[in-house]
Amino acid sequence: MLEIPESTTLARQLNETVRSKTIRSVVANASPHKFAFYSGDPATYPALLTGRTIGKSFGIGAMVELLAGDCRIVFSDGANLRYCESADQAPAKHQLLLEFEDGSTLVCSVQMYGSVQALPVSDDPGKYYRLAKEKPLPLCAAFDRAYFTSLCGAGTEKLSSKAFLATEQRIPGLGNGVLQDILFRAGVHPKRKMGTLSAGELDGLFYAVKNTLAEMTRLGGRDTEKDLFGNPGRYRTILSRNTCGTPCPVCGAEIQKAAYMGGAVYWCPACQPLPETN
């Protein structure tokens with residue numbers, strides 16, 4: 001799923017591959033998917049996008065924005081993007097396919113759920129887009145210790161560390177995937193209440209957010225996700241489906257997994273203890 005390291009990586013790769021290319025043809029909703037969501041009627045996308053020249057791409061939290069003339073295409077969450085040198089290399093099933101004048105293609109396929117929005121730049125892509133544009137993201141200097149402190153407002157002391165980091169769009173693009181290694185590096189259990197963290201532990205959590213996401217992005221995303229060319233990211237996750245049940249790289253304890261808040265959480269019972277007073 002798209003989170004900050006992957007959206008940033010995809011935007012960089014799109015700028016390196018498709019920027020300045022002109023769209024020759026568009027196929028939208030070729031493989032109907034119950035949980036693929038579009039802005040408006042996808043049948044209008046060919047008329048809207050054909051002939052547009054691709055501009056700059058941006059990673060915006062859990063979204064990737066691709067400018068196309070006076071339009072924008074916004075891919076979010078479960079949208080998987082692939083660049084192919086020719087149309088015959090494209091996946092058989094897809095929710096959006098852009099063919100360029102040189103024969104190369106950009107293909108979006110949705111697995112579990114995801115959204116594709118193609119609309120004029122004057123139109124509003126929605127509140128999640130606006131929030132992600134308005135808030136400083138952890139990769140920028142404006143996301144500093146003072147800003148992080150401002151997120152820890154009244155009521156957050158009762159939230160678990162997972163709920164604090166990954167809900168209510170406090171930090172757009174920081175989701176259940178990347179938070180696992182963030183919490184491991186901070187030594188904080190995913191179920192631990194924020195109100196039980198000391199000032200020093202909050203400092204550690206802040207730096208874990210900044211440094212972990214920076215490293216994941218520098219290495220082209222996580223090894224559990226794929227980039228524009230179908231390659232897994234080079235960041236090796238410490239806690240993920242790939243490492244569940246294996247020894248912790250720090251202490252050797254077995255990495256644990258549990259269902260929590262609609263998704264799986266992973267932790268080391270020795271490095272991330274859950275206080276009895278939690």
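Me: Which residues lie nearest the centre of the largest pocket?
Reply: This is a predicted model, in which local features need pLDDT of at least 70 and side-chain atom pairs count only at pLDDT 80 or more, while totals for chains, interfaces and linings use all residues. On a 1 Å grid over the protein atoms alone, a pocket is an open set of points with protein on both sides within 12 Å along at least five of seven lines, and its lining residues have an atom within 4 Å of a point. The largest pocket is lined by 46 residues, and those nearest its centre are E3, D77, Y113, G175 and N176.

Me: Which element gives the most residues to the lining of the largest pocket?
Reply: Elements are helices (DSSP runs of H or I, at least four residues) and strands (runs of E, at least two), numbered from the N terminus. Residues are numbered from 1 along each chain as its sequence is written, and side-chain values use heavy atoms, with hydrogens and water left out. Two or more lining residues come from each of β5 (71-76), β9 (114-120), α3 (127-134), α5 (161-166) and β11 (263-267). With 4 residues, the element that gives the most is α3.

Me: What is the volume of the largest pocket?
Reply: The lining of this pocket divides into 20 nonpolar, 17 polar and 9 charged residues. In this division Ala, Val, Leu, Ile, Met, Phe, Trp, Tyr, Cys and Pro count as nonpolar, Asp, Glu, Lys and Arg as charged, and the others, Gly among them, as polar. A volume is the space filled by probe spheres set on the grid points, which are joined across faces, edges and corners. For the largest pocket this is about 1100 Å³.

Me: Is D77 buried, partly exposed or exposed?
Reply: D77 is in the loop between β5 and β6, and its phi is near 50°, a positive value in a residue other than glycine. Buried means under 20% relative accessible area and exposed over 50%, with partly exposed in between (1.4 Å probe, protein chains only). At 26% relative accessibility, D77 therefore counts as partly exposed.

Me: Which element gives the most to the lining of the second largest pocket?
Reply: The second largest pocket has a volume of about 450 Å³ and is lined by 21 residues, with M1, N80, R82, Q111 and E225 nearest its centre. By class, these lining residues are 9 nonpolar, 5 polar and 7 charged. At least two of them come from each of α1, β6 and β8. The element that gives the most, with 4 residues, is β6.

Me: How many of the residues of α1 are buried?
Reply: Helix α1 covers residues 4-17, and its end C-alpha atoms are 20 Å apart, in agreement with the expected 20 Å. That expected span is 1.5 Å times one less than the number of residues. Its buried residues, including I4, L10 and L14, pack against β3 (54-60), β4 (63-68), β6 (79-84), β8 (105-110) and α7 (199-218). The helix is largely enclosed by the rest of the structure because, of its 14 residues, the number buried is 10.

Me: Which elements do the buried residues of α7 pack against?
Reply: Helix α7 has 20 residues and reaches 29 Å from its first C-alpha to its last, close to the 28 Å expected. Among its buried residues are L202, F206 and L213. Their packing partners are α1, α4 (145-151), α5 and α6 (179-186).

Me: What is the volume of the largest cavity?
Reply: A cavity is a set of grid points where a 1.4 Å probe fits but cannot get out, and the whole structure holds 1 cavity of 30 Å³ or more. Its lining includes E6, T9 and L10 as well as G220, a residue just after α7 with a positive phi of about 80°. The volume of the largest cavity is about 40 Å³.

Me: What is the radius of gyration of the protein?
Reply: The protein has 7 helices and 11 strands, and its C-alpha trace spans about 60 × 40 × 30 Å along the principal axes. The radius of gyration is taken over C-alpha atoms, and the globule rule is 2.2 Å times the number of residues to the power 0.38. For 278 residues a compact globule would have a value near 19 Å, which agrees with the protein's 20 Å.

Notes
Contact = heavy atoms within 4.5 Å.
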